[in-house]
Amino acid sequence: MTNATVTAVNSAITTTENKEQIATFLKEHEEVEMIIPVMFGLFVTSQFQLRGAKALLVNLGVATVFRQLFKELKKSPSQDTQSPTQNQTKVSEDDEEMSILHSVKGRVRLRIPQIKKDALFAKRLERLLNDDDNVLNVRMNRTVSSVVIKYDAGNLSDMDLGFKLMSIIDAAKGE
């Protein structure tokens with residue numbers, strides 16, 4: 001073997017070991033998956049001085065990127081050797097994310113595909129939203145994966161409301 005080949009093999013082994021260490025860390029410290037997207041989303045929205053629906057949309061995008069990143073980092077090397085078609089099918093099934101369909105002050109309509117597929121999640125989400133002091137009314141249409149939330153912001157900024165909404169949705173997923 002040449003020196004270049006040995007170096008390449010050692011580099012590949014080190015990369016695999018690093019990936020396994022990161023995957024182990026993420027599995028042991030699941031709270032990191034909740035904290036990092038929120039902190040990074042806060043950083044991005046504050047740097048670009050985004051407010052309201054724009055801030056919520058950016059935070060949802062950041063959360064989506066980090067969820068996908070964490071999913072990839074948690075994969076064991078044996079999962080990386082699956083055929084590309086198996087990986088693509090799995091990603092396309094799990095990759096449906098929520099989105100903002102419409103937003104005006106005091107009201108937001110979200111598309112959350114999981115409520116169509118998971119009745120228990122939909123009930124948990126509706127209960128958690130109704131339990132929140134800022135939420136005035138929740139209307140859910142499971143057929144089209146839509147949730148309309150009427151709210152009173154009170155003393156909270158639009159960004160704080162966005163974070164609060166994201167944490168309620170995450171809590172509904174986690175219960």
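**Reading the labels in a predicted model**

Visitor: Why is D132 called buried?
Guide: Its relative accessible area is 13%, and buried means under 20%, with exposed over 50% and partly exposed in between (1.4 Å probe, protein chains only); D132 therefore counts as buried. This is a predicted model, in which local features need pLDDT of at least 70 and side-chain atom pairs need 80 or more, while totals for chains, interfaces and linings use all residues. Residues are numbered from 1 along each chain as its sequence is written, and side-chain values use heavy atoms, leaving out hydrogens and water.

Visitor: Where is D132, and what does it touch?
Guide: D132 sits in the loop between helix 7 and strand 3 (helices, H or I, of at least four residues and strands, E, of at least two are DSSP runs numbered from the N terminus). Setting aside residues up to four places away in sequence, D132 touches K164 and I168, a contact being heavy atoms within 4.5 Å.

Visitor: What makes the link from the D132 side chain to N134 a polar contact?
Guide: The D132 side chain reaches the backbone nitrogen of N134 at 2.9 Å. A polar contact is a pair of N or O atoms within 3.5 Å; within protein, one must be able to donate a hydrogen and the other to accept it, and residues adjacent in sequence count only if both atoms are side-chain atoms. At the start of helix 7, a side-chain oxygen of D118 comes to within 3.2 Å of the backbone nitrogen of L120.

Visitor: How do you know that the span of helix 7 is close to what is expected?
Guide: Helix 7 covers residues 119-131, 13 in number, and reaches 18 Å from first C-alpha to last, close to the expected 18 Å; the expected span is 1.5 Å times one less than the number of residues.

Visitor: Which residues of helix 7 are buried, and why are they said to share a side?
Guide: F121, A122, R124, L125, L128 and L129 are buried in helix 7. They cover an arc of only 165° around the axis, which puts them on the same side of helix 7; the arc is that of the directions from the helix axis to the C-beta atoms. Turned away from that side are the exposed L120, K123 and D131. Among the elements covering the buried residues are strand 3 (135-141) and helix 8 (158-174).

Visitor: Why does R124 count as buried?
Guide: R124 has a relative accessible area of 17%, so it is buried. R124 and A172 are 48 residues apart in sequence, yet 5.4 Å apart in space, C-alpha to C-alpha.

Visitor: How many aromatic pairs are there, and why is F40 with F43 called tilted?
Guide: A search of the whole structure finds two. The ring centres of F40 and F43 are 6.3 Å apart and their planes are at 40°, so this pair is tilted: Phe, Tyr and Trp rings (for Trp, the six-membered one) pair with centres within 6.5 Å, and planes under 30 degrees apart are stacked, over 60 edge-to-face, the rest tilted.

Visitor: What makes F40 partly exposed, and how is it paired with F66?
Guide: F40 has 38% relative accessibility, so it counts as partly exposed. The rings of F40 and F66 have centres 5.4 Å apart and planes at 65°, so the pair is edge-to-face. F40 lies in helix 2 and F66 in helix 3 (residues 52-74), so the pair ties together parts 26 residues apart in sequence. F66, at 13% relative accessibility, counts as buried. Together, F40, F43 and F66 form one aromatic cluster.
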